[in-house]
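This report describes selected features of one protein chain, from strand pairing to the surroundings of individual residues. Please consult the sequence and the structure shown below while reading.

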Amino acid sequence: MLRNGLRASQRHLQSGLADNTVVVLDSCRTPFTKSSTAYSNLMPHDMLRAAVSQTIQRSGIDGNEIDYAVGGTVIAEVKTSNVMREACLGAGLPQSLPAHTVTMACISSSQAVTTGIGHIMSGAGEVVICGGVETMSDVPIRHAKAMRQHLLRNQRMLSKGPKGVINFLKPVFKAPGKFLAPEPPAISEFSTGEIMGHSADRLASAWGVSRADQDAFAIRSHTNAFKASEAGLLSDVFEYHIPGGETISKDNGIQVNTPEKLAGLRAAFVKPHGTVTAGNSSYLTDGASACILSSHKKAQEMGLGGKAILRDYMYVAIDPKDQLLLGPAYGIARLLERSGLKPSDIDVWEIHEAFAGQVLANLEALKDDKFCRERMGVKGAVGELPMDKLNNWGGSLSMGHPFGATGIRLVSHCANRLKHEDGQYAMIAACAAGGHAFAGIVERHPDY
């Protein structure tokens with residue numbers, strides 16, 4: 001039984017939609033760009049404001065109909081910690097619209113969407129706008145802890161003229177390394193101390209994924225994204241006029257390389273013999289995305305159709321040391337079993353590509369009957385997923401991965417691919433730091 005209002009056996013029946021079935025009215029995103037390129041001077045709320053505005057415009061909804069807003073981000077800008085609130089105000093939405101921001105690493109905007117689903121299904125509201133944003137071009141870098149404590153305890157010295165400033169600086173000059181060393185955001189897992197790239201390398205090795213396999217998958221991702229972009233299939237991307245700057249219309253990180261070029265890259269994490277490289281990993285990215293959710297009843301009252309139905313979802317949490325990036329396999333296996341759907345019922349697969357080796361290792365895990373039974377707790381192996389249905393328009397390896405925005409990008413791809421490929425069900429799966437993962441079932445809306 002799928003949780004959001006319809007049994008798996010019911011197919012494209014308008015009458016099968018319950019009043020509180022949650023539908024996606026529309027969704028879109030900025031072009032994703034490599035960090036320190038086009039968006040390097042923007043604050044996160046600038047990008048998210050644009051995504052929110054464009055999504056409302058595309059959907060045809062009156063902004064006054066929106067009951068709540070929730071967004072996702074990972075490395076928050078300290079000036080706009082509740083970035084969804086600032087984005088909504090900047091987009092001209094009513095000041096009376098409540099908004100909050102969530103964080104769950106790479107599935108932050110997935111969490112924003114499911115928070116919106118819960119808001120609607122509980123009856124707390126009927127229309128929710130969800131968003132996600134990330135910038136890696138300008139992250140908050142802190143003073144060393146010694147300097148932070150010194151500032152908090154002795155900042156009054158700075159207001160006492162030159163003598164006070166000199167007295168303040170004396171301990172700093174005596175131990176400059178202790179006071180002046182900056183603290184950038186951590187890139188390692190807090191609980192294990194391990195960098196995610198190391199985990200990806202170990203995971204690929206454990207599941208027998210070769211360097212050549214990873215490079216080939218990366219080339220596939222970039223090739224699919226390039227073809228989809230050139231064919232105009234990435235309709236969720238809107239042309240973004242950067243305030244006071246240029247206009248960006250496409251993702252700028254898509255680059256189709258040769259096997260020979262990727263083979264020449266050195267190991268990025270486990271040196272010198274690791275298999276994860278810059279060429280088969282996702283890169284630091286800036287961008288924003290947004291979508292509007294509504295109950296089916298409210299959509300009908302507003303005279304609006306929908307693009308997709310969010311049928312069911314699941315979060316998983318596993319060992320952050322040995323299985324950090326293996327959560328998608330757990331989510332896929334468990335959600336399929338809970339919903340009563342078979343892999344053959346899924347027409348579109350969208351799996352987040354943090355690393356090529358991570359995706360391929362998850363695919364191997366799904367084929368392992370013993371692992372599925374004993375570790376995932378399902379009845380048996382899911383089996384081999386059809387590559388001709390997986391990430392056909394590219395993925396995070398090629399388009400980029402703004403941590404807080406990828407979850408909604410996956411929803412958009414599912415909705416638009418289901419229409420383009422004339423399918424019914426899509427499966428989303430994404431890993432995240434902390435040993436978390438998200439899996440979700442998206443169905444094509446009968447009006448789309």
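## A parallel strand pair and its crossover

In this predicted model, Gly 72 has Val 102 of strand β4 as its bridge partner. The chain reaches β4 from β3 by way of helix α2, residues 83-90, and the resulting β-α-β crossover is right-handed. The two strands, β3 at residues 68-72 and β4 at residues 99-102, run parallel to each other and are joined by four bridges.

## Annotated domains

Two domain annotations come from an unreviewed UniProt entry. The record assigns "domain: Thiolase N-terminal" to residues 22-295. Within that span, helix accounts for 38% and strand for 15%, and the C-alpha atoms at its two ends are 5 Å apart.

The record also gives "domain: Thiolase C-terminal" for residues 307-444. Here the chain is 38% helix and 24% strand, with 6 Å between the end C-alpha atoms.

## Arg 29 in strand β1

Arg 29 belongs to strand β1, which spans residues 22-29. Is this arginine buried or exposed? Arg 29 has a relative accessible area of 0%, and it is therefore classed as buried, the cut-off being under 20%.

Leaving aside residues up to four places away in sequence, Arg 29 is in contact with Leu 234, Asp 236, Val 237, Phe 238 and Asp 251, and also with Ala 288, Ser 289, Met 399 and Arg 409.

## Helix α7 and its cover

Helix α7 covers residues 196-206, and its buried residues are Met 196, Gly 197, Ser 199, Ala 200, Asp 201, Leu 203 and Ala 204. Which elements cover these buried residues of α7? Among them are helix α8 (211-230), helix α12 (356-367) and strand β11 (425-432).

After α7 comes Gly 208, a residue with a positive phi near 70 degrees.

## Asp 319 in a loop

Asp 319 is found in the loop that links strand β9 (308-317) to helix α11 (327-339). Its relative accessibility is 34%, so Asp 319 is classed as partly exposed; this class lies between the buried limit of 20% and the exposed limit of 50%.

How far apart are Asp 319 and His 150 in sequence and in space? The separation between Asp 319 and His 150 is 169 residues along the sequence and 38 Å from C-alpha to C-alpha.

Conventions
Residues are numbered from 1 along each chain as its sequence is written. This is a predicted model: local features need pLDDT of at least 70, side-chain atom pairs count only at pLDDT 80 or more; totals for chains, interfaces and linings use all residues. Side-chain values use heavy atoms; hydrogens and water are left out. Buried means under 20% relative accessible area, exposed over 50%, partly exposed in between (1.4 Å probe, protein chains only). Two strands pair if DSSP finds at least two bridges between them. A crossover is right-handed if, with the strands pointing away from the viewer, the path from the first strand over the helix to the second runs clockwise. UniProt positions are given in the numbering used here, feature names are shortened, and annotations may be inferred rather than shown by experiment. Contact means heavy atoms within 4.5 Å.
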